[in-house]
Amino acid sequence: MMRLFISEWYRLWKRKSTWLMFAAIPLMVYAAGSYFQKANEKTNSMLPQYSVFGNFSVLSFEEMLMTVFNFMVIILAALIVTDEYRSGQLRMVMLRAYTFGKLFWAKGAVFTTLLLMFTCFYFICSYIAGFFMFPHAERFPLFYRSEMVDVWEGLVYNLAFYSLGFLSLLALVCVMLFISVVSHTTTATIGIGLGFYLFSLMYPYVCGYFQPLLGNEVYMKIIFSSIPMIQWQGIVFMLAEQPRYVGWIVGVLSFYSLAFGGAAYALFTRKDRWI
């Protein structure tokens with residue numbers, strides 16, 4: 001199994017697109033830093049939106065998580081599964097003494113490990129950028145918390161935010177594995193993936209028109225049934241002084257992971273699918 005993982009890992013890093021994504025991360029951090037430097041000029045320094053060394057890592061990741069990181073997942077799914085099927089590489093792997101189930105888990109492990117590497121690299125780059133680009137406040141506010149925190153308490157908060165953000169990416173990975181298995185072209189995988197992403201952004205806003213009829217509690221649960229909305233506001237709610245919707249959000253992410261991941265596994269291991 002380890003040899004299969006190494007083989008999948010090596011084949012993924014032979015692609016220029018993987019290196020380009022990795023190299024783009026420092027540029028993403030710098031772009032976010034420039035944006036928040038300008039935003040600071042119009043923001044009260046006592047608000048949690050005001051960027052300092054201790055909170056820039058989370059503020060920038062929150063913006064990139066629901067946009068660039070999600071797009072990376074969509075593209076990587078097309079490269080790891082669909083493109084290999086189209087290019088014939090998948091059939092070459094299947095000629096070896098590996099089961100379809102082992103191949104699926106190897107691809108899933110490579111996908112997850114790569115995303116974890118990207119997330120950790122972004123975390124390190126954002127701390128370095130925050131050190132040089134923003135003021136070093138001794139204490140600073142966080143969203144939905146009454147007390148300010150120091151740099152070390154902020155670090156714990158940041159690690160928790162990144163961990164939950166990574167879990168949300170894993171849920172999207174399961175969705176995209178399912179889409180990449182049912183799609184026979186990379187264009188279809190990326191197109192359906194973008195469609196799912198846009199739908200996940202739009203339906204909470206459409207439901208906003210019916211909020212008076214639905215009630216606030218039901219409306220908030222509809223919002224947090226969307227992965228991008230969980231990444232945008234749900235994680236902040238979970239880490240608030242009085243955590244909210246923790247059970248609901250964990251249940252939603254578990255549903256996406258189990259339902260789509262299970263369906264992807266069942267379809268991928270059908271022997272007649274790849275012949």
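**Exercise 1. Cavities**

Task: Find how many cavities of 30 Å³ or more the whole structure holds, and describe the lining of the largest cavity by class.

Solution. This is a predicted model.
- Step 1: Count. A search of the whole structure gives 3 cavities of 30 Å³ or more.
- Step 2: Take the largest cavity. Its space is about 50 Å³.
- Step 3: List the lining. Pro48, Asn55, Val58, Leu59, Pro141, Leu142, Phe143 and Tyr157 line the largest cavity.
- Step 4: Sort by class. The lining has 7 nonpolar residues, 1 polar residue and no charged residues.

**Exercise 2. Helix H2**

Task: Compare the span of helix H2 with the expected span, then locate its bend.

Solution.
- Step 1: Note the length. H2 covers residues 16-40, which is 25 residues.
- Step 2: Check the span. From first C-alpha to last, H2 reaches 36 Å, close to the 36 Å expected at 1.5 Å a residue.
- Step 3: Find the bend. H2 bends by about 30 degrees at isoleucine 25. Proline 26 follows within four residues.
- Step 4: Place the bend in the buried set. The buried residues of H2 are Thr18, Met21, Ile25, Met28, Val29, Ala32, Gly33, Phe36 and Asn40. Ile25, the site of the bend, is one of them.

**Exercise 3. An aromatic pair between helices**

Task: Classify the pair of phenylalanine 104 and phenylalanine 268, and say where each ring sits.

Solution.
- Step 1: Pick the two quantities. A pair of aromatic rings is described by the distance of the centres and the angle of the planes.
- Step 2: See the total. The whole structure has 33 aromatic pairs.
- Step 3: Read the geometry. Phenylalanine 104 and phenylalanine 268 lie 5.6 Å centre to centre, with 55 degrees between the planes. The pair is tilted.
- Step 4: Locate the partners. Phenylalanine 104 is in helix H5 (residues 100-133) and phenylalanine 268 is in helix H11. The pair links distant parts of the chain, 164 residues apart.
- Step 5: Test burial. The cut-off for buried is under 20% relative accessible area. Phenylalanine 104 has 8%, so this residue is buried. Phenylalanine 268 has 1%, so this residue is buried too.

**Exercise 4. Inside helix H11**

Task: Decide whether tyrosine 256 and phenylalanine 260 are stacked, edge-to-face or tilted, and whether each is buried or partly exposed.

Solution.
- Step 1: Describe the helix. H11 has 23 residues and reaches 32 Å from first C-alpha to last, close to the 33 Å expected.
- Step 2: Count along the chain. Tyrosine 256 and phenylalanine 260 are 4 residues apart in H11, so about one helical turn separates them.
- Step 3: Apply the angle. The ring centres are 6.0 Å apart and the planes are at 20 degrees, so the pair is stacked.
- Step 4: Check exposure. Tyrosine 256, at 10% relative accessibility, is buried. Phenylalanine 260, at 23%, is partly exposed.
- Step 5: Add alanine 266, also in H11. Alanine 266 has 44% relative accessibility, so it is partly exposed. Its C-alpha lies 9.5 Å from that of phenylalanine 178, although 88 residues separate the two in sequence.

**Exercise 5. Positive phi**

Task: Which loops hold tyrosine 144 and tyrosine 245, and is each buried or partly exposed?

Solution.
- Step 1: Take tyrosine 144. Its phi is near 60 degrees, a positive value in a residue other than glycine. Tyrosine 144 lies in the loop between strand E1 (139-140) and strand E2 (149-150). At 48%, tyrosine 144 is partly exposed.
- Step 2: Take tyrosine 245. Its phi is also near 60 degrees. Tyrosine 245 lies in the loop between helix H10 (227-238) and H11. At 11%, tyrosine 245 is buried.

Methods:
Residues are numbered from 1 along each chain as its sequence is written. This is a predicted model: local features need pLDDT of at least 70, side-chain atom pairs count only at pLDDT 80 or more; totals for chains, interfaces and linings use all residues. Side-chain values use heavy atoms; hydrogens and water are left out. Helices (H or I, at least four residues) and strands (E, at least two) are DSSP runs, numbered from the N terminus. Buried means under 20% relative accessible area, exposed over 50%, partly exposed in between (1.4 Å probe, protein chains only). Rings of Phe, Tyr and Trp (its six-membered ring) pair if their centres lie within 6.5 Å; planes under 30 degrees apart count as stacked, over 60 as edge-to-face and the rest as tilted. The expected span of a helix is 1.5 Å times one less than its number of residues. The bend at a residue is the angle between axes fitted to the seven residues ending there and the seven starting there. On a 1 Å grid over the protein atoms alone, a cavity is a set of points where a 1.4 Å probe fits but cannot get out, and a pocket is an open set with protein on both sides within 12 Å along at least five of seven lines; lining residues have an atom within 4 Å of a point. Grid points are joined across faces, edges and corners, and a volume is the space filled by probe spheres set on the points. Ala, Val, Leu, Ile, Met, Phe, Trp, Tyr, Cys and Pro count as nonpolar, Asp, Glu, Lys and Arg as charged, and the others, Gly among them, as polar.
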